[in-house]
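Please follow this explanation with the structure open beside the text. The paragraphs take up a pair of strands and their neighbour, and then turn to the helices.

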Amino acid sequence: MSQAILRSPRITLLPLADEHLDHEVELDADPEVMRYLGNGTGRSRLEVERAHRNRMAAATQVPGLGYWIGLVGDRFVGWWILAAPDRPDQGPVESQAELGYRLLPRYWRRGLASEGARELLRYGFEDLGLTRVFAETMAVNTASRATMAAIGLEYVRTFHLRWEDPIPGAEHGEVEYAITRKHWNTNRSRFNIR
């Protein structure tokens, strides 16, 4: 099963392809976008090209999972991910996936991150039969944590990763939020899931 093209009321989510590289460069070069990621600064084109290859490879690990770019009309707004866990502490690969999103700042605070994420939750639970979806961010990233809570994910844990060059706030650790298919099904209306 390959990645599906997904649609929410405002967003078309297209499986990531090589033709989307320039959009990834625009997104990852922005220091605001990367504030809580990597070294906390924008990435060079070469760094984004390496990341692009890894993102493309994510679609080959588990059928149906991977990265999607989001379009509102014909405008690129960001990307979303539903991918297999890649660290032992995240649990088994079977039946669960990691959810993520990254948007251009001009599209922040419009509900687009949560709208795209809700569609990926629907797809993961209904179409792929996942039993659990989780998301992670820095503990100090209050905006991303609010999005996770708004779409129904609940706080699971705070944990600490080792970083060669930690960015400000890393001392507070990372947080994991998650939702199970059972909880998602029970609370669909509460989280505006169609």
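In this predicted model, strand 3 and strand 4 form a hairpin with 2 residues between them, and glycine 73 in the turn has a positive phi of about 65°. The two arms of the hairpin, strand 3 and strand 4 (residues 75-83), run antiparallel to each other and are paired over 7 bridges; leucine 71, for instance, has phenylalanine 76 in strand 4 as its bridge partner.

Strand 3 also pairs with strand 2 (residues 12-15), again in the antiparallel sense, over 4 bridges, and here proline 15 stands opposite tryptophan 68 of strand 3. Because 7 of the 7 residues of strand 3 (residues 66-72) are buried, this strand is largely enclosed by the rest of the structure.

Turning to the helices, helix 1 (residues 21-28) packs against helix 2 at an angle of about 120°, with the two axes 9 Å apart, which means that helix 1 lies oblique to helix 2. The crossing of helix 1 past helix 2 is right-handed. On the side of helix 1 the contact is made by Leu21, Asp22, Glu24, Val25 and Asp28, which meet Arg45, Val48, Glu49, His52 and Arg55 of helix 2; by class, the residues of this contact comprise 3 nonpolar, 1 polar and 6 charged.

Arginine 55, which belongs to helix 2 (residues 45-61), is buried, with a relative accessible area of 5%, a value that falls under the 20% cut-off for that term. Apart from neighbours within four places in sequence, arginine 55 is in contact with Glu24 and Asp28, and also with Leu16, Arg43, Tyr67, Trp79 and Arg102.

Note on methods: Residues are numbered from 1 along each chain as its sequence is written. This is a predicted model: local features need pLDDT of at least 70, side-chain atom pairs count only at pLDDT 80 or more; totals for chains, interfaces and linings use all residues. Side-chain values use heavy atoms; hydrogens and water are left out. Buried means under 20% relative accessible area, exposed over 50%, partly exposed in between (1.4 Å probe, protein chains only). Two strands pair if DSSP finds at least two bridges between them. Contact means heavy atoms within 4.5 Å. Axes are lines fitted to C-alpha atoms, for helices over the stretch in contact, and angles run from 0 to 180 degrees between N-to-C directions. Angles under 35 degrees count as roughly parallel, over 145 as roughly antiparallel, 65 to 115 as roughly perpendicular and the rest as oblique. A crossing is left-handed if the near helix is turned anticlockwise from the far one by less than a right angle, and right-handed if clockwise. Ala, Val, Leu, Ile, Met, Phe, Trp, Tyr, Cys and Pro count as nonpolar, Asp, Glu, Lys and Arg as charged, and the others, Gly among them, as polar.
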